[in-house]
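Me: I have a model open and would like to learn how to read it. Please take me through a few features.

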Amino acid sequence: GTGFDELFTSQNPIEDALQEELELADNYSALLEAYITAIERYRRLADLAYQQCQAVLPVEDKETLEARRTQWEAGIQAKREEVASAPGEPIEGYLPLAESFYGLYKNWARDLCWCKFDADGVMPSIADALEEPVPAG
């Protein structure tokens, strides 16, 4: 739906922060850092959205979602191993890797946000994924 795309694209502090950090980055490490931060944030967003989906979905859809998550995690694990076994890259070589991981995490978070939005019309809060949650207590 157009409503969802607009919400995910225009009201997305993760993307806003990433674009800002990329513009300010004046070396490879800073660029890499910007992507790694965005990956972490999308990972948190995916977790949040996943939990919210699990809360609103009927049982059979929950099982489908769990299966998709298992599949997603296996895919990411395989990609990580591929990266780990690659010959020592110069830092420049890591940038395309960071970009591709960023794309994977962004799409996965987007899918899960759509799942929630589709189920009850409410978008998970992307802003909640910006910071590490502070443990209560």
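Reply: What follows covers a helix, burial, cysteines and a pocket. This is a predicted model, where local features need pLDDT of at least 70, side-chain atom pairs count only at pLDDT 80 or more, and totals for chains, interfaces and linings use all residues. Residues are numbered from 1 along each chain as its sequence is written, and side-chain values use heavy atoms, with hydrogens and water left out.

Me: What span should helix H3 have?

Reply: Helices are DSSP runs of H or I with at least four residues, numbered from the N terminus. The expected span is 1.5 Å times one less than the number of residues. H3 has 29 residues (28–56), so 42 Å is expected, and its end C-alpha atoms are 42 Å apart, which agrees.

Me: Is Gln54 buried or exposed?

Reply: Buried means under 20% relative accessible area, exposed over 50%, and partly exposed in between, using a 1.4 Å probe on protein chains only. Gln54, in helix H3, has 15% relative accessibility and therefore counts as buried. Leaving aside neighbours within four places in sequence, Gln54 is in contact (heavy atoms within 4.5 Å) with Lys62, Leu65 and Glu66.

Me: How many disulfides are there?

Reply: A disulfide is a pair of cysteine sulfur atoms within 2.5 Å. The structure has zero. The closest cysteine sulfur to that of Cys113 is in Cys53, 8.0 Å away, too far for a bond. Cys113 is buried at 0% relative accessibility, and Cys115 is buried at 17%.

Me: Where is empty space left?

Reply: Rolling a probe the size of a water molecule over the atoms shows this. Residues lining the largest pocket include Leu32, Arg43 and Tyr105. H3 and helix H5 (91–120) each supply at least two residues of that lining. A pocket is an open set of points on a 1 Å grid over the protein atoms alone, where a 1.4 Å probe fits, with protein on both sides within 12 Å along at least five of seven lines; lining residues have an atom within 4 Å of a point.
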